Amino acid sequence: MSHDFDLFVIGAGSGGVRCARIAASHGARVAVAESRHWGGTCVNLGCVPKKLMVQASDYGDWVEDSHGFGWNTKRGQHDWAALIAAKDREIERLNGIYVSMLEKADVALFTGHATLEDAHTIRIDPSPLAPQAQPRRVTAARIVIAVGSTPTVPRIPGAEYAISSDQAFHLEERPQRVCMVGGGYIGVEFAGIFRGFGSEVDLVYRQPQPLRGFDADLRHAVHDAIDLRGIRQHAGASPTEIGKRADGSFSVSLDNGTRIETDCVFFATGRHPKITHLGLTQVGVAMQENGRVIVDENSETSVPGIYAIGDVTNRLNLTPVAIAEGHNLADRLFGAAPPRQWCYATTPKAVFFTPTAASVGLTEAEAAKEGDVDVYVSRFRPMRNTLSGRAQRTFMKLVVDQATQVVVGAHMLGDDAPEIMQGLAIAVTARLTKADWDRTIGIHPTAAEEFVTMRTRTRVTPHKVD
């Protein structure tokens with residue numbers, strides 16, 4: 001059967017764009033449909049603008065720290081509107097780059113909302129990005145679902161008064177008081193952003209420590225860093241109701257009896273797949289109860305010829321993983337050579353708080369499920385803080401499989417932790433031993449050298465079977 005395209009990608013985020021470009025480079029006839037913004041969540045409402053705002057929020061601290069080095073600088077007034085405008089200009093530039101990359105690869109672009117009518121037919125209707133567009137109908141031999149995810153909002157009274165990360169990047173003014181609900185990546189990062197600009201911040205989360213899924217020692221270190229940042233933590237608590245006052249402020253009731261008065265309630269309580277009106281159920285694509293599309297090891301759904309990558313699936317939801325999945329899928333479907341093999345098990349991850357946190361590989365608890373574990377921990381005051389007077393300390397940890405002496409995990413809280421961890425991820429992926437790390441000469445004076453100079457074992461964690 002003849003189709004209009006060999007591959008049709010729904011969603012122009014990082015994963016979808018990579019899949020489309022690589023498939024086109026192999027000679028496939030490719031099209032992409034996007035309904036909201038080219039570049040997806042990461043570029044527009046996620047990683048990129050978030051990091052720009054983290055960087056902006058750090059400058060006030062740098063002014064204060066400079067005094068310990070002899071500078072008589074004074075902290076000025078931050079212009080929130082100027083930051084948002086500068087951020088928007090950069091995002092617009094990146095949007096154009098994504099469109100240009102696709103056009104140069106001879107990928108057909110459709111602006112609108114795509115819906116599956118059957119396993120090979122896609123209807124494209126007008127969307128807010130192109131409200132005047134005419135409906136179109138095209139066919140494709142294969143279809144890729146790469147629509148990503150959207151914020152999840154708790155169903156409590158007054159939830160309509162809260163914002164999510166989607167709105168946070170476009171606030172006209174910075175709120176003086178913020179109640180952040182959620183102890184994951186987004187909650188911790190935005191709590192740090194607003195606090196860095198001078199807002200009073202309450203951070204509410206259900207777990208006893210922030211960053212569920214990270215190593216326990218790292219979570220403790222982040223908890224202490226949040227305290228030092230001047231953020232009020234409400235661990236083991238959840239909001240039950242949000243009330244709006246006559247002056248426009250809000251009152252947030254927690255299930256432990258606490259009441260928080262605030263100017264902004266920010267829900268960072270997870271995300272769910274953006275699958276509404278895609279027509280997946282009608283064509284038989286199987287999904288989990290939480291809406292995530294079920295795929296096999298080849299990213300194929302329950303319907304032959306329909307694939308899914310990125311945050312819409314039931315796998316690791318990080319931008320670099322979506323890119324790798326998209327690249328791998330395009331190579332497998334259209335490439336002449338076998339596709340590159342990524343090591344998803346050692347995907348590094350970072351939290352852009354101040355200071356940053358980063359991890360790669362197994363936590364101590366995860367490693368102990370496989371066998372006895374040697375643990376190396378270092379805590380120290382970084383050189384900059386010895387003169388600035390800042391109390392924040394750096395935390396580093398190595399998790400080593402005792403039987404093989406392979407370093408199976410590395411964890412850090414401190415300046416430039418993500419940059420350092422990206423290099424360590426290569427060593428962990430390559431399964432280098434602790435002896436390999438020990439024989440590597442460090443760069444002095446740096447914080448990173450501590451990872452290759454930790455000689456004294458902190459403790460042994462015995463094998464623990466659930």
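1. Let's start with E90. At 26% relative accessibility, this residue counts as partly exposed, because buried would mean under 20% and exposed over 50%. Keep in mind that we're looking at a predicted model here. E90 has a salt-bridge partner, R93, and the closest N and O atoms of the two are 2.7 Å apart. R93 is partly exposed too, at 45% relative accessibility. Where do R93 and E90 lie? Both are in helix α4, three residues apart, which is about one turn of the helix.

2. Next, have a look at E261 and R245. These two form a salt bridge, with 2.7 Å between the closest N and O atoms. E261 lies in strand β13 (residues 259–262), while R245 is in the loop between β11 (239–244) and β12 (250–254), so this pair ties together parts that are 16 residues apart in sequence. As for how open the two are, E261 is partly exposed at 31% relative accessibility, and R245 is partly exposed at 39%.

3. Now for a pair that links distant parts of the chain. R36 and D166 meet through their side chains in a salt bridge, 3.5 Å from N to O. How many residues apart are R36 and D166? The answer is 130, with R36 in the loop between β2 (30–34) and α2 (40–45) and D166 in helix α5 (residues 165–168). Are the two buried or partly exposed? R36 is partly exposed, with a relative accessible area of 38%, whereas D166 counts as buried at 12%.

4. Stepping back to the salt bridges of the whole model, the structure holds 28 of them. Some charged residues are joined up in a network: D61, E64, D65, R75, R229 and R390 are linked by salt bridges. Try finding these six in the 3D view.

5. On to the nonpolar side. Which residues make the nonpolar surface patch of about 360 Å²? They are F69, W71 and L387. You'll find F69 in the loop between α3 (47–66) and α4 (80–104). F69 has a relative accessible area of 38%, so it counts as partly exposed. For a nonpolar residue to join a patch, its relative accessible area has to be over 30%, and F69 is past that cut-off at 38%.

6. Helices come next. Two packed helices are described by the angle between their axes and the distance between the axes. For helix α1 (residues 14–25) and helix α9 (residues 319–334), the axes come within 7 Å and cross at roughly 25°. That makes α1 roughly parallel to α9, because angles under 35 degrees get that label. The crossing of α1 and α9 is right-handed.

7. Just ahead of that second helix, check L318, which is found in the loop between β16 and α9. Is L318 buried or exposed? L318 is buried, with a relative accessible area of 19%, because buried means anything under 20%. From L318 to I426 you'd count 108 residues in sequence, and in space the two are 18 Å apart, C-alpha to C-alpha.

8. Now some backbone oddities. Most residues other than glycine have a negative phi, and most peptide bonds are trans. D106 has a phi near 65°, a positive value in a residue other than glycine. D106 sits in the loop between α4 and β3 (108–111), and D106 is exposed, with a relative accessible area of 65%. S299 also has a positive phi near 65°, and S299 isn't a glycine either. S299 is in the loop between α8 (280–283) and β16 (306–308). Unlike an exposed residue, S299 counts as buried, at 4% relative accessibility.

9. Last, the peptide bonds. Which bond is cis with omega near 5°? It's the one from T354 to P355. P355 is placed in the loop between β17 (349–351) and β18 (357–361). There's a cis peptide bond between H444 and P445 as well, with omega about -5°. P445 lies in the loop between α13 (434–438) and β22 (459–461). When you go through the model yourself, P355 and P445 are both loop residues to click on.

Terms used. Residues numbered from 1 in each chain as written. Predicted model: local features only at pLDDT ≥ 70, side-chain atom pairs only at ≥ 80, totals over all residues. Heavy atoms only, no water. Patch = residues over 30% accessible without salt bridge, like charges linked within 9 Å, V, L, I, M, F, W, Y side chains within 5 Å. Areas by Shrake-Rupley, 256 points an atom, 1.4 Å probe, with all protein chains shown as cover. Salt bridge = Lys/Arg side-chain N within 4 Å of Asp/Glu carboxyl O. Helix = DSSP H or I, 4+ residues; strand = E, 2+ residues; numbered from the N terminus. Buried < 20%, exposed > 50% of the residue type's maximum accessible area, 1.4 Å probe, protein only. Axes fitted to C-alpha atoms, helices over the stretch in contact; angles between N-to-C directions. Parallel < 35°, antiparallel > 145°, perpendicular 65-115°, else oblique. Left-handed = near helix turned anticlockwise from the far one by under 90°.
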